[in-house]
Amino acid sequence: MKSLLCFLLLAFYSLTAWSVCDGNERIFTLTDPTDQQAWNLSSFVYKPLIVPGSPTPVVFILPPIIGANDLDRSLAIRFCLNGMSAYILNTIKDDPEDVEVYNLNTHNEALQRAHAGVRAAIDELARDPGNGNFGILGASLGGIQAAYIAGIEPMIKSSVVLAGAGNIPGVLAYSDQERAVRVREARMQLLQMNDPAQYESLMSLFTTEDPLNVASAVPPDSMYFFVVLRDTSVPTIYQQQLVERIPAPKVQEIDATHILGIAGAGTSFAEEITRFLKERL
């Protein structure tokens with residue numbers, strides 16, 4: 001009878017935990033630092049049952065340029081079922097490409113905006129004593145943003161980066177990601193450039209925000225970094241440059257191209273990622 005009762009309680013908890021890991025939308029309100037306009041930051045929340053007296057760690061998930069996807073949601077549900085709240089944050093400002101071509105500051109603004117969004121979420125969530133420490137995860141563009149925020153935001157205690165990078169001018173000059181290529185080619189045509197190295201030099205003059213610049217401030221042994229070895233969207237060399245600057249990261253190399261590498265890291269290593277965050281948060 002006692003065993004049956006324990007089984008029923010466990011089943012009830014599991015079903016209830018699943019029901020609350022549902023990805024409902026939550027809005028955080030703040031001022032966009034890039035244009036000083038009101039910004040309703042959309043997030044999708046996967047929150048487990050709250051155990052009284054036991055603060056729940058919070059993990060922010062920053063999606064790639066295409067937006068939230070099945071991998072983000074799968075990891076969020078996994079974190080939730082393992083006792084961590086997950087917030088998938090939509091910090092990307094989708095300016096038209098013709099606007100981006102003329103705004104050489106847009107890459108700084110993307111990092112500033114991502115940090116402001118995470119900071120606003122932290123400020124609001126930290127007022128709830130049921131929330132514990134904060135971590136962050138991101139892939140591709142989200143990985144670049146996560147690496148930057150891990151170095152500049154002291155409230156982030158642990159981070160996971162999938163195919164992120166430093167040296168933003170280098171990434172912009174040599175990435176084969178479709179939008180990056182179109183914007184680069186349009187800028188180079190306007191400026192009568194024909195050499196990516198010239199473009200990299202130009203962008204270095206305008207780049208003030210870069211994960212490389214804040215990498216040394218990442219707490220030692222707090223970042224799990226997945227380097228994708230045959231990546232041409234976020235070129236591998238710039239992933240490796242960033243890893244070299246991070247104090248004592250846990251590093252896993254994935255022998256794959258960009259999308260397959262991220263998918264492989266987020267599925268084959270999902271349990272390890274979860275354990276890494278939970279142990280540090």
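In which strand is serine 43 found? Serine 43 sits in strand β2, which covers residues 38-46. Keep in mind as we go that this is a predicted model.

Let's stay with this residue for a moment. Is serine 43 buried or exposed? With a relative accessible area of 0%, serine 43 counts as buried, because buried means under 20%. Its side chain reaches the backbone oxygen of arginine 26 at a distance of 2.8 Å. Setting aside neighbours within four places in sequence, serine 43 is in contact with Asn24, Glu25, Arg26 and Phe28, and also with Tyr87, Ile88 and Leu89.

One of those partners, asparagine 24, makes a good next stop. Asparagine 24 belongs to strand β1, residues 24-31. Here the relative accessibility is 48%, so asparagine 24 counts as partly exposed. Beyond its neighbours within four places in sequence, asparagine 24 is in contact with Ser43, Phe44 and Val45. Its side chain also makes a polar contact, at 3.1 Å, with the side chain of aspartate 22. If you look at the backbone, the C-alpha atoms of asparagine 24 and lysine 47 are separated by 9.3 Å, while the two residues are 23 residues apart along the chain.

Now for the nonpolar interior. The largest nonpolar core has 51 residues, and those with the most contacts inside it are Phe60, Val118 and Ile156. Helix α4, residues 106-125, gives the most to this core, contributing 8 residues. Phenylalanine 60 is worth finding in the viewer: not counting residues up to four places away in sequence, it touches Val118 and Ile156, and its other partners include Tyr87, Leu89, Ala121, Phe134 and Leu137. Apart from this core lies another, of 30 residues, with Val59, Cys80, Ala86 and Ala265 among them.

Finally, let's turn to the open space. Rolling a probe the size of a water molecule over the atoms shows where empty space is left. The largest pocket has a volume of about 1,200 Å³. Its lining is made up of 49 residues, and Pro64, Ile65, Ser140, Leu141 and Gln177 are the ones nearest its centre. Which element supplies the largest share of that lining? Helix α4 does, with 7 residues. Several other elements each supply at least two lining residues, including α2 (70-81), β5 (131-139), α5 (141-152) and α11 (258-268). By class, the lining has 23 nonpolar, 14 polar and 12 charged residues. Helix α4 thus appears in both places: it gives the most to the largest core and the largest share to the lining of the largest pocket.

Technical notes: Residues numbered from 1 in each chain as written. Predicted model: local features only at pLDDT ≥ 70, side-chain atom pairs only at ≥ 80, totals over all residues. Heavy atoms only, no water. Core = buried A, V, L, I, M, F, W, Y, C linked by side-chain atoms within 4.5 Å. Buried < 20%, exposed > 50% of the residue type's maximum accessible area, 1.4 Å probe, protein only. Helix = DSSP H or I, 4+ residues; strand = E, 2+ residues; numbered from the N terminus. Contact = heavy atoms within 4.5 Å. Polar contact = N/O pair within 3.5 Å; in protein donor to acceptor, adjacent residues only side chain to side chain. 1 Å grid on protein atoms, 1.4 Å probe; cavity = no way out; pocket = protein on both sides within 12 Å on 5 of 7 lines; lining within 4 Å. Points joined across faces, edges and corners; volume = space filled by probe spheres on them. Nonpolar A, V, L, I, M, F, W, Y, C, P; charged D, E, K, R; others polar.
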